[in-house]
Amino acid sequence: MRTALILLMMLGLASIPGSLFPQRNQNPMKVREFFKNNPTLAQWLDKAKIFDLYSSPWFSAIYILLFISLIGCVLPRTFEHIKAIGKKPPLTPKFLDRMEGFAELDRPVDGTLDLAEKWLKKNRFRVRREELSISAEKGYSRESGNLLFHLSLILILLAVAAGGLYGSKGETILNVGDRFINTPTSYDNISFAKFQREGDMVPFSLRVLDFKASYDVKTNAPTDYTLQVAAANPIGSKEVLKTIKVNSPLTYGNTKIYLQANGYSPVVAIRDKSGKLIFEGAVTFLPQDGNLTSIGAIKLPDMSPQIGMVASFLPTADRSPTRGAFSSFPEVLDPRLLVSVWMGDLGLDSGVPQSVYRVDTSKMKRIGLKSLKLNEIYNFGEGTLLFEGYKSWVNLQIVDDPGKMYALFGAIFAILGLLTSLFTRQRRIWIKVDGRVQIAGLAKNGVPGLDEELAALKKTLEGLEG
Amino acid sequence: MTSRNLAYLSNYSIYSAMFLYTIAFFAHAVEVSFSVKTTEVSEKTSFDFSRTDRAGRIGTAMMILGFIFLFAGVILRGASAHRVPWGNMYEFSITGALAFSGAYLFALVKYKLRWLGLPVSIAVLLTLGTAVTVLYRPSAPLVPALKSTWLAIHVSAAIVSGGVFLLANTIAATYLILDRMEERGGRSEWAKKLPSLETLDQLSYRLVAFVFPLWTFAVIAGAIWAESAWGRYWGWDPKETWAFITWVAYAAYLHARVTAGWRGRKAAWLCLFAGSTFLFNYIYVNIYGTGRHTYSGL
Ligand code: HEM
């Protein structure tokens with residue numbers, strides 16, 4: 001037990017750094033920032049896996065040792081406990097006056113044991129009657145509850161491990177109107193656990209029909225997001241209308257589809273000098289603040305020379321002398337598209353992957369700057385840009401975690417076990433008659449209440465009650 | 001009644017409660033400081049309470065009234081926003097203070113703990129004072145991630161657990177202070193009427209054993225909520241990590257209590273440590289944390 005306890009404490013202590021230093025899987029940007037600000041410290045911390053703490057070998061080691069130690073101590077106790085079912089309480093010890101609660105009674109010996117047995121049975125003790133003594137025990141379920149609790153912890157640990165070895169987790173951004181098919185290539189990014197096979201993915205498809213966000217007019221805080229999709233599972237079967245909200249994902253077995261984030265995609269049409277359509281469609285922009293001021297990039301590598309547009313989208317445009325143009329409300333009330341147009345080399349051939357939200361302007365020259373209202377056309381010299389409209393986009397997170405249900409079962413059993421064990425009082429009571437009448441009791445772990453119980457028994461036997 | 005009026009009414013209730021707790025504080029202070037030594041020294045106490053007993057009873061009455069006003073304040077706050085009153089740190093704090101003083105009243109009835117009135121009224125006043133000055137935010141609707149039945153369950157379980165944990169902490173701290181006094185040659189006069197060390201040790205154990213399952217449940221309800229809102233039931237977000245640490249610390253405390261040689265002083269320190277992890281989570285992680293759990297509204 002001591003080993004396990006120490007391991008448990010170690011697990012607690014070991015998890016602390018993860019809450020003080022940024023974690024790669026939660027916030028990779030912050031990790032990069034940390035590296036920039038404290039390069040040497042960051043390197044040392046990285047060697048100790050501080051930035052991937054919860055998947056680090058040493059954290060896992062503590063976790064596995066605790067797991068083994070738990071099994072090692074709980075299993076033998078479980079077997080012992082099962083063997084003890086139906087067994088009689090242990091024999092009355094020789095010297096009762098050494099017990100925690102002890103009393104000598106002022107009553108004749110005759111009939112004492114009968115009377116005591118009746119009282120003990122009424123109070124739901126298990127009774128072992130010998131010729132000159134009784135030993136009785138109560139609170140067997142304390143140990144049952146305790147074991148159930150500790151066994152449930154094992155189940156939870158297993159379920160968490162299963163979640164790490166099987167399953168997948170991915171994200172995709174979809175505009176209203178887009179269709180999504182659940183295959184690895186449809187995702188913007190997806191990661192598979194070690195033993196997960198790609199063929200095991202649920203074969204569903206969905207079409208984004210509508211997305212509505214509503215906001216509190218006083219605080220601008222969002223009050224509701226509702227996403228309507230037409231979903232088919234398996235692909236090609238009849239589509240069913242489904243609603244996804246922040247707290248109610250769409251569920252297919254162990255796979256759940258969550259609404260994680262949303263934003264705007266302005267729709268633009270771009271023509272070259274001759275009037276030929278170069279590009280028309282929705283471009284996903286990234287929100288920068290609570291009012292959905294969004295930034296994005298439009299890259300036109302097929303024009304010659306190449307054109308790149310650094311743009312921001314303001315759903316409700318406003319101006320201030322200090323901040324310049326910004327959005328003052330997250331809903332689209334007075335939309336504006338701000339573009340600065342650059343001409344030159346987009347640098348797409350360099351082989352270095354580029355963000356789709358930014359333009360590398362190092363080899364480009366700015367040729368225009370403009371703020372467009374809806375349906376406004378801007379002639380930037382090399383061609384024209386039409387701000388046609390906008391669409392909402394949603395970011396869906398699609399998670400498959402087969403361990404989840406077991407963790408939930410484990411949690412439920414753990415609580416039941418805890419309640420049983422913490423609220424059951426386990427104790428033994430003995431009565432001995434050899435010339436005189438002696439009673440004694442012992443409460444496991446000094447749980448209170450024994451004295452009252454012995455006093456009640458004493459009263460009964462002395463005929464003061466009942 | 002309009003939302004605005006309800007919110008004002010809530011604020012007035014909170015201010016009234018603070019006023020009542022202030023009276024309770026002074027009443028308990030009088031009780032403690034003006035008790036006189038009696039000649040007929042009994043085993044348990046060498047103090048004459050008859051002169052200050054009335055002060056103590058006034059203190060208790062004020063604690064009860066304060067609790068009622070605080071309760072009304074919390075309910076009205078929820079009514080003004082048409083939701084459970086647990087959307088930002090101001091609301092967590094007033095509900096936490098409510099749970100703490102509720103736990104005290106419960107213990108008062110069950111274990112006759114009037115002597116705790118002084119530290120409890122101080123703690124409640126500090127919490128409410130911080131809430132109305134630093135943490136106050138106008139009543140507003142919830143952000144979508146907070147709209148869940150599991151939020152109501154998770155937060156209420158966590159807040160009640162917190163109230164009882166802090167009460168256990170108050171008792172453990174008292175234990176350590178008295179323990180120190182006894183080691184240095186005996187209790188000061190005012191401390192003589194406080195319960196024995198053994199009783200204090202038992203008491204904090206009982207409180208912790210009583211709420212540990214509730215705290216376990218609160219953590220699990222949080223995991224269920226996280227699963228439905230964010231797609232994972234456990235992500236080692238700072239808030240989750242510290243909830244886990246608190247859980248481990250109290251489990252260690254419960255184990256320590258059944259381990260020979262760990263009762264008493266060591267257990268009291270463990271209890272204090274565990275309670276501090278809870279407070280740390282509440283204060284530090286809510287305000288400075290970077291996780292998804294930062295709903296403080298600050
Ligand atoms: C290998 C690991 C562990 C061992 C050997 C162990 C052993 C024990 C034992 C022997 C008891 C019984 C005390 C009694 O007789 O009443 C107990 C109780 C308990 N254990 Fe563990 N335990 C382990 C891990 C854990 C873990 C990981 C937790 C998680 C938090 C935990 C939480 C508890 C609780 C809450 C109790 C109830 C304490 C009480 O009855 O007052 N244990 N444990």
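Colleague: Which atom of the ligand lies 2.6 Å from a polar side-chain atom of H255(B), and what makes this pair a polar contact?

Modeller: In this predicted model, the partner of the polar side-chain atom of H255(B) is a nitrogen atom of the ligand, at 2.6 Å. A polar contact is a pair of N or O atoms within 3.5 Å, and 2.6 Å is within that limit, so the pair counts as one. By the same rule H150(A) qualifies, with a polar side-chain atom 2.7 Å from a nitrogen atom of the ligand, and so does Y205(B), whose polar side-chain atom lies 2.8 Å from an oxygen atom of the ligand.

Colleague: Which elements give two or more residues to the shell around the ligand?

Modeller: Chain A provides α1 (2-14), α5 (57-83), α7 (140-165) and α8 (404-423), while chain B provides α6 (197-230) and α7 (238-257). The most comes from α7(A), which gives five residues. Such helices are DSSP runs of H or I with at least four residues, strands are E runs of at least two, and both are numbered from the N terminus.

Colleague: How many residues surround the ligand, and which are the closest?

Modeller: There are 23 of them, counted by having a heavy atom within 4 Å, and the closest are A4(A), C73(A), R77(A), H150(A) and H255(B). The ligand itself lies between chains A and B.

Colleague: Why does L96(A) count as buried or exposed?

Modeller: Buried means under 20% relative accessible area, exposed over 50%, and partly exposed in between, with a 1.4 Å probe and protein chains only. L96(A) has 1% relative accessibility, and therefore counts as buried. This residue sits in the loop between α5 and β1 (101-105) of chain A, and its C-alpha is 8.4 Å from that of G441(A), although the two are 345 residues apart in sequence.

Colleague: What does F409(A) count as, at 40% relative accessibility?

Modeller: F409(A), which has its place in helix α8 of chain A, counts as partly exposed because its value is 40%.

Colleague: What share of the residues of chain B count as buried, and what pattern does the chain follow?

Modeller: The share is 60% of the 298 residues. Chain B has eight helices and two strands, and along the sequence they follow the pattern α-β-β-α-α-α-α-α-α-α.

Colleague: How should I read the names and values?

Modeller: Residues are numbered from 1 along each chain as its sequence is written, with chains lettered from A and ligands numbered from 1 in the order in which they are written. Local features need pLDDT of at least 70 and side-chain atom pairs 80 or more, while totals for chains, interfaces and linings use all residues, and side-chain values use heavy atoms, leaving out hydrogens and water.

Note on methods: Polar contact = N/O pair within 3.5 Å; in protein donor to acceptor, adjacent residues only side chain to side chain.
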